[in-house]
Amino acid sequence: MAEPVTAVQTVSAGKRPFWTEQRRSRLTAYTFISPFFILFAIFGLYPIFFTIYLSFFKWDALGPMKYVGMKNYDLVTSDPMFWTSFTNTLIMGVMGTIPQLIIALLLAVMLNSAMTRFKKTFRVLFFMPNITSIVAVTLVFSTLFGNNGMVNWLLHQFGMESMAFNSGWWGVKIAISTMVMWRWTGYNAIIFLSGLQSIPLDLYEAARIDGANRRQQLAFITLPLLKPFIVFVTLISTIGSLQLFTEPYVYLGQSGTGSTRQEGITMVTYLYSEAFRNGFFGTAAATAVMLFIITIIFSMINMWVSGRMEGDTGGGKA
């Protein structure tokens with residue numbers, strides 16, 4: 001008569017029970033982190049895939065969807081207003097990003113200086129614009145850049161002619177870019193400040209002993225070690241400039257066709273107008289897909305340039 005197989009013999013034979021303590025703890029961990037992935041799938045992945053799917057259909061959000069293939073992309077690329085919005089987005093992105101990063105870096109260096117008093121107060125003040133309502137800020141700037149606003153008054157004080165900041169081709173771009181700079185300069189300065197505080201002070205002490213002045217310390221110590229933070233801030237600022245919406249939408253007037261005027265329309269306001277004013281959700285989805293691809297291209301260019309800079313620096317050190 002065969003003897004019954006015990007649990008020890010089962011384990012020794014290579015057969016382990018399915019519900020082990022390791023699998024139980026792993027399932028518990030997955031259960032705790034599952035809400036994030038569920039919410040991300042619902043509010044993140046699904047809208048992305050549905051937008052790509054919708055870009056091949058004609059739909060007004062009420063009636064049935066009609067498959068049109070690549071026609072939505074042809075309609076968008078043949079629309080002069082789309083290319084105007086693309087050009088405006090690039091121009092305002094450059095005007096609002098490059099000065100913003102330079103000023104943010106200078107502010108961070110100033111805050112990190114041992115000679116600066118009231119450091120914490122300045123940090124709070126520089127971060128305040130980032131948590132202020134964009135709509136409220138835009139309304140204030142609309143008054144400042146009005147025809148009889150403070151900016152034109154200052155121009156008159158210096159003997160310059162007033163600018164049409166509400167209707168001029170360059171005036172609108174200057175006003176919107178200034179809003180973007182005011183909002184994000186302090187935020188980027190805080191990120192740069194965290195990078196500066198991660199640099200060991202021993203390097204500066206050694207440089208001072210070797211006779212390096214402040215400009216040389218900035219060029220050969222601060223900027224090379226701050227490069228990862230500069231790459232991050234540049235990448236985030238580039239992506240944010242491509243998604244510019246609230247400032248031109250409120251500044252040029254959200255009612256009627258104010259925010260779709262040629263001098264200030266951006267790709268996102270063009271997208272919004274196509275969907276919620278014209279009822280063309282298919283072309284709006286195609287615009288969103290194209291904006292997504294453009295954002296990826298600019299991000300890859302940014303990373304490629306950053307990689308080349310690091311390679312050149314590495315070669316110089318070698």
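Start by selecting residues 225-245 in this predicted model. The C-alpha atoms at the two ends of that span sit 34 Å apart, and the span is 81% helix with 0% strand. Why pick this stretch? The UniProt record, an unreviewed entry, annotates residues 225-245 as a "transmembrane region".

The record gives that annotation to other stretches too, so to speak a ready-made list of selections: residues 32-56, 90-112, 124-145 and 280-301.

Hop over to residues 280-301 next. Here the end C-alpha atoms are 32 Å apart, with 95% of the span in helix and 0% in strand.

Now colour helix α14, which runs over residues 281-317, and zoom in on Thr 283, one of the residues in that helix. Is Thr 283 buried or exposed? Its relative accessible area is 7%, so Thr 283 counts as buried, the cut-off being under 20%.

What does Thr 283 touch, once you leave aside its neighbours within four places in sequence? Show Asn 72, Leu 75, Val 76 and Glu 274 as sticks: Thr 283 is in contact with each of them.

Time to zoom out and show the whole protein. Colour by secondary structure and you can look for 14 helices and two strands. Of the 318 residues, 36% count as buried. Switch on contacts with a separation of 6 or more, and 65% of them join residues 24 or more positions apart.

Finish with the surface. The protein exposes about 19800 Å², and carbon and sulfur atoms supply 70% of that area.

Notes
Residues are numbered from 1 along each chain as its sequence is written. This is a predicted model: local features need pLDDT of at least 70, side-chain atom pairs count only at pLDDT 80 or more; totals for chains, interfaces and linings use all residues. Side-chain values use heavy atoms; hydrogens and water are left out. Helices (H or I, at least four residues) and strands (E, at least two) are DSSP runs, numbered from the N terminus. Buried means under 20% relative accessible area, exposed over 50%, partly exposed in between (1.4 Å probe, protein chains only). Contact means heavy atoms within 4.5 Å. Accessible areas come from the Shrake-Rupley method with a 1.4 Å probe; for residues, only the protein chains shown count as cover. UniProt positions are given in the numbering used here, feature names are shortened, and annotations may be inferred rather than shown by experiment.
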